[in-house]
Amino acid sequence: MKIRVLYLLLAVAPAFQAHLLRGEETNMQPTWAIAIHGGAGSSPEQLGEESSRLRSAGLTKALQAGRDQLAQGATAIDTVESVIRILEDDPVFNAGRGAVLTEDGKAELDASIMDGNTLGCGAVAGVTKTKNPISLARLVMTQTKHVLLVGPGADEFSEDQQVPQVDPSYFLTDQSHNRVADLASHAAPLRNLSQEDEAHLGTVGCVVLDSHGNLAAGTSTGGTTNKLPGRVGDSPIVGAGTYAANGLCAVSGTGVGEEYIRNAVAYDIAAQMKYADRNLESAVTDVMFQKLDSEIGGVIAVSQNGEIVLQHNTPGMSCGAADSTGRFEIHLKLENGGAPNEQDATESAQHLDEAEIQTLLQQQANDWNAGDIESFMKVYWKSDQLTFSSSGDITRGYEATLKRYQSRYPTAEAMGTLTFEDFEFFRLGEDAMQVLGVWKLERQEPLGGRFTLVLRRLPEGWRIVHDHTSSFPDPAKQ
């Protein structure tokens, strides 16, 4: 069977795949969701048929196990640990058995895990005898006051905790032994392996939203081929290769660890959601395709509402996703790296901004109808440069506008009931929007008219910087 045929069996049609990756295949919101990865790097064509088959089988086994556990009510943190243990035990991946070797021919393993419910986290680096480093990382989280243990100290802690130990030779697969032989036959360390060798390797990770509403993430790796002894990448660094926080997202990365550390990749995605009000897909896309150079790696992430995002800026990434709606998919490569195309991204951003602004204006009307003018004013730009124009009079500045409203509407009876409708949106730039609409004030003497707003996206969110209001003609005066 040709590799292109195998790939078609692994992936869905591109148009449908785009819907799957953005969670648009159903109107149902998942009650649980899971994503896994087995490393970013080579494309299926570069991997070869047998390696592709083995990687797909390993991903399928792990994803099925995670899906079944979550369907039975398992917790996110338990699922992350158990799924990564399965991937660590599979020699086709660069984690646990099958890990790559340092320059001196040894396996030094790293892992981390994080509970989004408590922000509890644990990690280990440079361990050499623990069969499943992800389980040791969890014990660091639960049995110590620390976050990260490294080297001999981590190995000693592993023995104290009676974690299953193995002889270091356990991690050396046939492929690893071949590397040891190559290293021994060269006077200088072998630093550059072929692309075909690297194609069979990959860090593993898992992110989960469970049916209890909790998020968790974990990552495990053998590091990079022929790394200096003692080198530590991003996988055991919370905030770089792993992060989870309820209300935001769970993230696991795979790629050039030094770049993930420099850019705090996993935390940056969560921070963009928290502080810039971005959705998960736009945050991941920004990091993967704007902040990181190409050929660096990939990310899997799941949000609090069950949205799953899988993206890579390398030729391929072994990954999979499943959720409670019946979604189940395995990929060795995603079209466009899993990122939305430019038109989809533009339309998505427009819809999100429109929805966010309309929600703000609806809340503004609610505050007015509650008789709270100060809360009503929160959506205005708190600046002397704010411009408010009504009935031909222009008021400049936030405080002056507030006083004008308070003077004009001194009582709840005078304020009446406010509604906004017939919105029209016109983008003025990436961070500016013009909004047209109709306002109505139901009271003893009803009022109404049209409004033109200009809003800017500021660090605190969208704010009205210009407000022009006109009134409909009074039929009684015509």
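How many bridges join β5 to β6? Let's take a look at that pair and its surroundings, keeping in mind that this is a predicted model.

## Strand β5 and its partners

The count is 6 bridges between β5 and β6, and the two strands run antiparallel. One of the pairings matches L209 with L215 in β6. β5 and β6 form a hairpin with 5 residues between the strands, and in this hairpin G213 takes a positive phi near 90°.

β5 also pairs with β1, the strand covering residues 33-41: here 5 bridges do the joining, again in an antiparallel arrangement. A33 has L209 of β5 as its bridge partner. So L209 turns up twice, with A33 as a partner and with L215 as a partner.

## How enclosed is β5?

Strand β5 spans residues 204-209, and 6 of its 6 residues are buried, so the rest of the structure largely encloses it. Look at which way the residues point: V204, C206 and V208 go one way, while G205, V207 and L209 go the other, and all of them are buried.

## Helix α6

Now over to α6, a helix made of residues 133-143. This one is mostly covered, with 8 of its 11 residues buried. The buried set consists of P133, I134, S135, L136, A137, R138, V140 and M141.

What sits over those buried residues? The cover includes the helices α5 (76-89) and α7 (151-160). Strands take part too, including β2 (109-115), β3 (120-127), β4 (148-150) and β6 (215-221). That last strand, β6, is also the one joined to β5 by 6 bridges.

Notes: Residues are numbered from 1 along each chain as its sequence is written. This is a predicted model: local features need pLDDT of at least 70, side-chain atom pairs count only at pLDDT 80 or more; totals for chains, interfaces and linings use all residues. Side-chain values use heavy atoms; hydrogens and water are left out. Buried means under 20% relative accessible area, exposed over 50%, partly exposed in between (1.4 Å probe, protein chains only). Helices (H or I, at least four residues) and strands (E, at least two) are DSSP runs, numbered from the N terminus. Contact means heavy atoms within 4.5 Å. Two strands pair if DSSP finds at least two bridges between them.
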